[in-house]
Amino acid sequence: RFKDSSIENLKAHEIAKLGISRTFQTVELFTNMTVLENVMVGCHTRTQSSFIADGLRLPQIKHKESQMRDKAMEILRFIGLDDKFSESADSLPLGERKMLEIGRALATEPELVCLDEPAAGLNETETQAAAELIQRIKEQGITVLLVEHDMKVVMDISDHIMVLNYGEKIAEGSPTEVQNDSKVIEAYLGSEEENHASN
C-alpha cells in the first residue's frame, strides 16, 4: 500500500490518508485549542465534505461534527485524558501533552504510528504511563515505529529493535539479541578497556 506513493512528496494530510501518523520529540499541539479540539483535528483527515457544505453548516456537517466529537472523546478515554477534554492544551503538564499528541495521531486511524522520543523529558511515572499507552496501541493492531533513547522503555515494549550508533546500524533483532550484542554493550556501556581506564 505504501510503495505506490513517493511519501517525501506528499503533504501531511495525504500521508495520514495512507494510514501513517506521527508525533514529534518537541510537542506540536494547537495550544489555543482545547484538549478535545486537538484530537478532533486529527479526525478531520478521515472526513469528506465540501467547502460549501462546511460554510453553510448543512445538517450532514453537524452530524459529522457530532461523530468526530464522539470519536475524539473515545480516544481521550483511551489515553486517559477524557476528564480534561475542555481544558486548554497548553495548560497540561508535559507528560499529558505528549499523551494528547499521541491521541491526535490515533485520531487519523493509522495503520502505522511513528513516535519520536515519547519518553523524552518525562519523569519515571510519566514514562511508565507512556509505555503502557504504547503497549495498548500495539494491542489494537497498530504498528508502532518507536525512536527512543530510554532503553527500559525500548526493551519492555519492542518486538524488534534496530540500534544506531552515530547514524550507523550496529545491531538488529529481538530485545534479548540486541541486549547481548557486544557492539551494543560497547557503544552504550563502553569497552572493558575504557571502563578500566576510567577507574
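## A starting point: Glu 96

Glu 96 is partly exposed, with 21% of relative accessible area. That value sits just on the partly exposed side of the line, because buried means under 20%. Please keep in mind that the model is predicted.

What does Glu 96 pair with in a salt bridge? The partner is Lys 84, and the N to O distance between the two side chains is 2.8 Å. Lys 84 belongs to the loop between helix 4 and helix 5, while Glu 96 belongs to helix 5, so this salt bridge ties together parts that lie 12 residues apart in sequence. Glu 96 also appears among the contacts of Leu 81, a residue we will meet again in the core.

## The overall picture

With that first residue in hand, we can step back. The protein has 199 residues, and 37% of them are buried. Its secondary structure is made up of 10 helices and five strands.

How much of the contact network joins distant positions? Among contacts with a separation of 6 or more, 62% are between residues 24 or more positions apart.

## The nonpolar cores

The largest nonpolar core holds 32 residues, and those touching the most other members are Val 39, Leu 76, Leu 81, Leu 100 and Ile 137. Several elements supply at least two residues each: helix 2 (35-43), helix 4 (59-79), helix 5 (94-106), strand 2 (112-116), helix 6 (124-139) and helix 7 (151-157). Helix 4 gives the most, with six residues.

Leu 81 makes a good example of how this core is joined up. Leaving out residues up to four places away in sequence, Leu 81 touches Val 35, Leu 76, Leu 92, Glu 96, Met 99 and Leu 100. A second core, separate from the one just described, has eight residues, including Val 154, Val 163, Val 178 and Val 184.

## Helix 5 and Glu 101

Helix 5 deserves a closer look. This helix has 13 residues and spans 19 Å from its first C-alpha to its last, close to the 18 Å expected at 1.5 Å a residue. Of its 13 residues, 11 are buried, so helix 5 is largely enclosed by the rest of the structure. The buried residues include nonpolar ones such as Met 99, Leu 100 and Ile 102, and also Arg 97, Lys 98, Glu 101 and Arg 104.

Is Glu 101, a residue of helix 5, buried or exposed? With a relative accessible area of 3%, Glu 101 is buried, because this value is under 20%. Neighbours within four places in sequence aside, Glu 101 is in contact with Thr 23, Phe 24, Thr 26, Val 27, Glu 28 and Leu 29.

## Salt bridges

Side chains of opposite charge can pair when their charged atoms come close. How many salt bridges does the structure hold? There are seven, and the pair of Lys 84 and Glu 96 is one of these salt bridges.

Another joins Arg 22 and Asp 116, whose closest N and O atoms are 3.8 Å apart. This pair links distant parts of the chain: Arg 22 is in strand 1 (residues 20-22) and Asp 116 is in strand 2, 94 residues apart. Arg 22 counts as partly exposed, at 44% relative accessibility. Lys 169 and Glu 172 also form a salt bridge, with an N to O distance of 2.8 Å. Both partners are partly exposed: Lys 169 has 46% relative accessibility, and Glu 172 has 39%.

## Empty spaces

Rolling a probe the size of a water molecule over the atoms shows where empty space is left. The largest pocket contains about 670 Å³ of space. Of its 21 lining residues, the closest to the centre are Leu 146, Val 147, His 160, Ile 161 and Met 162. Helix 6, strand 3 (143-147), helix 7 and strand 4 (161-165) each supply at least two residues of the lining, and strand 3 gives the most, with five.

The whole structure has one cavity of 30 Å³ or more, and the largest cavity holds about 40 Å³ of space. Which residues line the largest cavity? They are Thr 23, Phe 24, Lys 98, Glu 101, Ile 102, Asp 116 and Pro 118. Helix 5 gives the most to this lining, with three residues. Two of the names are familiar by now: Asp 116 is the salt-bridge partner of Arg 22, and Glu 101 is in contact with Thr 23 and Phe 24.

Note on methods
Residues are numbered from 1 along each chain as its sequence is written. This is a predicted model: local features need pLDDT of at least 70, side-chain atom pairs count only at pLDDT 80 or more; totals for chains, interfaces and linings use all residues. Side-chain values use heavy atoms; hydrogens and water are left out. A nonpolar core is a set of buried Ala, Val, Leu, Ile, Met, Phe, Trp, Tyr and Cys residues joined through side-chain atoms within 4.5 Å. Buried means under 20% relative accessible area, exposed over 50%, partly exposed in between (1.4 Å probe, protein chains only). Helices (H or I, at least four residues) and strands (E, at least two) are DSSP runs, numbered from the N terminus. Contact means heavy atoms within 4.5 Å. A salt bridge is a side-chain nitrogen of Lys or Arg within 4 Å of a carboxyl oxygen of Asp or Glu. The expected span of a helix is 1.5 Å times one less than its number of residues. On a 1 Å grid over the protein atoms alone, a cavity is a set of points where a 1.4 Å probe fits but cannot get out, and a pocket is an open set with protein on both sides within 12 Å along at least five of seven lines; lining residues have an atom within 4 Å of a point. Grid points are joined across faces, edges and corners, and a volume is the space filled by probe spheres set on the points.
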